[in-house]
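Me: I should like to go through this structure question by question. Please give the reasoning before each result.

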Amino acid sequence: MDSDVLRNCTFEVQSQENTTLGTAFVAPEYGHLLTCYHIVGNPRSKQIRHPVVKVRFHLCNWAASANVVEELSRASADIAVLRVCDPFPPEVQCPTFSSEVVYGNRFRSFGFRKSSDFPHGLDAR
């Protein structure tokens, strides 16, 4: 899969205070974003710490609020579903993956990691 397609479906997840929390990806079947549960909550206690987050799509400088969909999120699987409050910009691509593409194959993703040198994250290509 072309790395541009991956970049075109990757979002930065931020707290309401604009601190980078992690990365989210488009779930094309539902129009939601997927992220890790530990980004928005505590998987052990199953408590959501960030029920509302900001999501940023850097390719066109777009941002919106998103709510954690608790009934679709699973702490035990480290998966959280985010419902974005605004429509995605047209630059967002929604790739589809079949089990042949995902299972047993190497793949590459893009993300936003947090570090003390980059409090707002660093585009991790």
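Me: Which residues are linked into a cluster by ring pairs?
Reply: The model is a predicted one, in which local features need pLDDT of at least 70, side-chain atom pairs count only at pLDDT 80 or more, and totals for chains, interfaces and linings use all residues. Residues are numbered from 1 along each chain as its sequence is written, and side-chain values use heavy atoms, leaving out hydrogens and water. Rings of Phe, Tyr and Trp (its six-membered ring) pair if their centres lie within 6.5 Å, and planes under 30 degrees apart count as stacked, over 60 as edge-to-face and the rest as tilted. The cluster formed by ring pairs consists of F11, F57, W62 and F88.

Me: How many aromatic pairs are there, and what is the geometry of the pair F11 and F57?
Reply: The ring rule gives four aromatic pairs. For F11 and F57, the ring centres are 5.1 Å apart and the planes stand at 35 degrees, so this pair is tilted.

Me: How many residues apart in sequence are the parts that the pair F11 and F57 ties together?
Reply: Strands (E, at least two residues) and helices (H or I, at least four) are DSSP runs numbered from the N terminus. F11 belongs to strand β1 and F57 to strand β6 (residues 52–57), so the parts tied together are separated in sequence by 46 residues.

Me: Are F11 and F57 buried or exposed?
Reply: Buried means under 20% relative accessible area, exposed over 50%, and partly exposed in between (1.4 Å probe, protein chains only). Both F11 and F57 fall in one class, namely buried.

Me: Which side chains of strand β7 point to one face and are buried?
Reply: The side chains along β7 (residues 62–68) alternate. A63, S65 and N67 point to the other face and are not buried. The buried face carries W62, A64, A66 and V68.

Me: Which strands make up the closed barrel, in order?
Reply: Two strands pair if DSSP finds at least two bridges between them. The barrel has six strands with antiparallel pairing, and its order is β1-β2-β3-β8-β7-β6.

Me: What is the average twist from one strand to the next in the barrel?
Reply: Axes are lines fitted to C-alpha atoms (for helices over the stretch in contact), and angles run from 0 to 180 degrees between N-to-C directions. For the barrel strands, the twist from one to the next averages 40 degrees.

Me: What is the bridge partner of E12 in β2?
Reply: Strand β1 (residues 10–14) runs antiparallel to β2, and five bridges join them. In β2, E12 is matched with T23.

Me: Which residue in β3 stands opposite A27?
Reply: Strand β2 (residues 20–27) pairs with strand β3 (residues 32–35) in the antiparallel sense, over three bridges. Opposite A27 in β3 stands H32.

Me: What is the bridge partner of A66 in β8?
Reply: Three bridges hold the antiparallel pairing of β7 and β8. The β8 residue matched with A66 is V84.

Me: Which residue in the turn of the β6 and β7 hairpin has a positive phi?
Reply: β6 and β7 run antiparallel and are joined by six bridges, with V52 matched to N67. Four residues lie between the two strands of this hairpin. The positive phi, about 55 degrees, belongs to N61.

Me: Where does the side chain of T35 make a polar contact?
Reply: T35 is in strand β3 and, at 7% relative accessibility, counts as buried. In β8, T35 has A80 as its bridge partner. A polar contact is a pair of N or O atoms within 3.5 Å; within protein, one must be able to donate a hydrogen and the other to accept it, and residues adjacent in sequence count only if both atoms are side-chain atoms. At 2.7 Å, the T35 side chain reaches the backbone oxygen of T23.

Me: Which residues does P43 touch, not counting residues up to four places away in sequence?
Reply: P43 sits in the loop between β4 (41–42) and β5 (47–48) and is partly exposed at 30% relative accessibility. Contact means heavy atoms within 4.5 Å. With residues up to four places away left out, P43 touches Y37, H38, A75 and D78.

Me: What share of the 125 residues in the chain is buried?
Reply: The chain has three helices and 10 strands. Buried residues account for a share of 36%.
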